[in-house]
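Visitor: I am new to this structure. Please take me closely through one part, the small sheet, and then show me what lies around the rest of the model.

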Amino acid sequence: MHVREGGVEVEVQQARDGASEGSGEGVFFNPTMELNRDLTVATLRAYREREPRAESYLDAMAASGIRGVRAAAEGWDVTCADVDAEAVALARRNFEANGVDGEVVQRDANALLHDSVFDVVDIDPFGTPIPFADAAFANTRDLVCVTATDTAPLCGAHFESGVRKYSTVPRNTEYHAEMGLRVLLSAMVRTAARYDVAARPILSHVSRHYARTYLELDSGAQAADACIDELGYVHHCEDCLHRTHESDLLSHPPESCPACGSNRVLTAGPIWLGAVADSEFALAVREAVTDDFGEAKQARETLETVADELDTPTHYDQHRLCKQWTRSAPKMDAFLEALRDAGFSATRAHYHGTAFKTDATVAEIREATAALD
């Protein structure tokens, strides 16, 4: 089977639904990850302008090699790695068929990274990226790109698994996409800091069944400490949905909810509380999206929303709030405009159509939007 994507044509095998390319279960190609690959290529284009010295790119779990072939077509010095001999043979054929240069090696990603250093490293495994994080942050110069498909542990739906893998306390809330992304970022930031490396997200998104982030690296203990300072905790009331957050390595949860007095307050953390994207860079990536991308429309919409999002560490779900208040949900644009008219900041969140971010409390949101009922 052959597919054409982003100006290249490759021979592929179909993945089972929900799997990423580097599944470790044969040579798979996942068509639902096209948005991920389109955004990767656009990010590589924009990052070349941001950091002109960056030249080498490692696709650490190559599978069919399509991501590496597309990067090579953009002029990057590409290395593709996979432990599966069939994947290596297929990736080599795809490089040759597209007339682009690239090295394809049969190596474990961790072993390769301990032998070599790359400017950009892309970790896109099936499930958690944690087994590859140490090697990636210890042996990358500029940018580490990370995909995680184990969204249930990340967001707290599989609590014990999330604690084991990410060394944090995830909580299953209505803002599960935000929770999962910030649990992932916390683990990546803490891993990088062990090597006196600051890993700061310049672009992140949660799409379909995965979280994806691009972390720019800066060497030095002080820079790493500055990232650690942006870790902290979220305290979430299960009854009235009020939430607060604190930047600290130690948690100081309230004994009861300050809004309604409930004792059912969940604490999550340490999670990343800082910005999940650089707005200017997100817009630069948007400009790098071209019409030959199969997911061009979705990519542009996602990037525009990401660039505009507030940096709050949680989002609200409009339908959940309105159900809580026994109201009908109004149009989102009118809902957000009412919040802005009341003096609050309010933006959409890119995760889904009813998600929004604001600096207003739940009580303030309710009051500001009461006239829409």
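Guide: Strand S13 and strand S15 (residues 355-358) run antiparallel and are joined by two bridges. Across this pairing, Asp317 stands opposite Ala355 in S15. Keep in mind that this is a predicted model.

The two strands belong to an open sheet of three strands. Its order is S13-S15-S14, and the pairing is antiparallel. Strand S13 (316-317) and strand S14 (346-348) are the edges. Each has a single partner strand, so one side of each is left without a neighbour in the sheet.

Lys357 leads on to a cavity. Lys357 is one of the residues lining the largest cavity. The others in that lining are Arg182, Val276, Ala277, Ser279, Val306, Glu309, Leu310 and Asp311. By class, the lining has four nonpolar, one polar and four charged residues. The volume of this cavity is about 50 Å³.

How many cavities of 30 Å³ or more are there? The count is two. The second largest has a volume of about 30 Å³. Its lining consists of His235, Cys237, His242, Arg243, Thr244, Pro254, Cys257, Pro258 and Val265. Strand S10 (231-237) and strand S11 (243-247) are the elements that give two or more residues to this lining. Here the classes are five nonpolar, three polar and one charged.

From S11, follow the chain into the loop. Leu250 lies in the loop between S11 and strand S12 (265-272). Is Leu250 buried or exposed? Leu250 is exposed, because its relative accessible area is 58%, and the cut-off for exposed is over 50%. Leu250 and Leu231 are 19 residues apart in sequence. In space, their C-alpha atoms are 9.9 Å apart.

Next comes a sheet of seven strands. This sheet is also open, with the order S5-S4-S3-S6-S7-S9-S8 and mixed pairing. Strand S5 (103-106) and strand S8 (197-207) are at its edges. Each of them has a single partner strand, so one side of each is left without a neighbour in the sheet. On average, neighbouring strands of this sheet are turned by 15° against each other, direction ignored.

Look inside that sheet. Strand S3 (residues 56-59) and strand S6 (residues 118-123) run parallel, joined by three bridges. Leu58 stands opposite Val121 in S6. Helix H2 (residues 66-73) packs on the sheet. H2 touches S3, strand S4 (77-82), S6 and strand S9 (210-219). The direction of H2 makes about 165° with that of S3. Helix H8 (residues 176-193) lies across strand S7 (140-148), S8 and S9. H8 runs at about 160° to S8.

Finish with the strands S1 and S2. Strand S1 (residues 2-5) pairs with S2 in the antiparallel sense, over four bridges. Val3 has Val10 in S2 as its bridge partner. Two residues lie between the strands of this hairpin, and Gly6 takes a positive phi near 55°.

Where do the side chains of S2 (residues 8-11) point? They alternate. Val8 and Val10 point to one face and are buried. Glu9 and Glu11 point to the other face and are not buried. In a regular strand, side chains alternate between the two faces of the sheet.

Terms used: Residues are numbered from 1 along each chain as its sequence is written. This is a predicted model: local features need pLDDT of at least 70, side-chain atom pairs count only at pLDDT 80 or more; totals for chains, interfaces and linings use all residues. Side-chain values use heavy atoms; hydrogens and water are left out. Two strands pair if DSSP finds at least two bridges between them. Axes are lines fitted to C-alpha atoms, for helices over the stretch in contact, and angles run from 0 to 180 degrees between N-to-C directions. Contact means heavy atoms within 4.5 Å. On a 1 Å grid over the protein atoms alone, a cavity is a set of points where a 1.4 Å probe fits but cannot get out, and a pocket is an open set with protein on both sides within 12 Å along at least five of seven lines; lining residues have an atom within 4 Å of a point. Grid points are joined across faces, edges and corners, and a volume is the space filled by probe spheres set on the points. Ala, Val, Leu, Ile, Met, Phe, Trp, Tyr, Cys and Pro count as nonpolar, Asp, Glu, Lys and Arg as charged, and the others, Gly among them, as polar. Buried means under 20% relative accessible area, exposed over 50%, partly exposed in between (1.4 Å probe, protein chains only).
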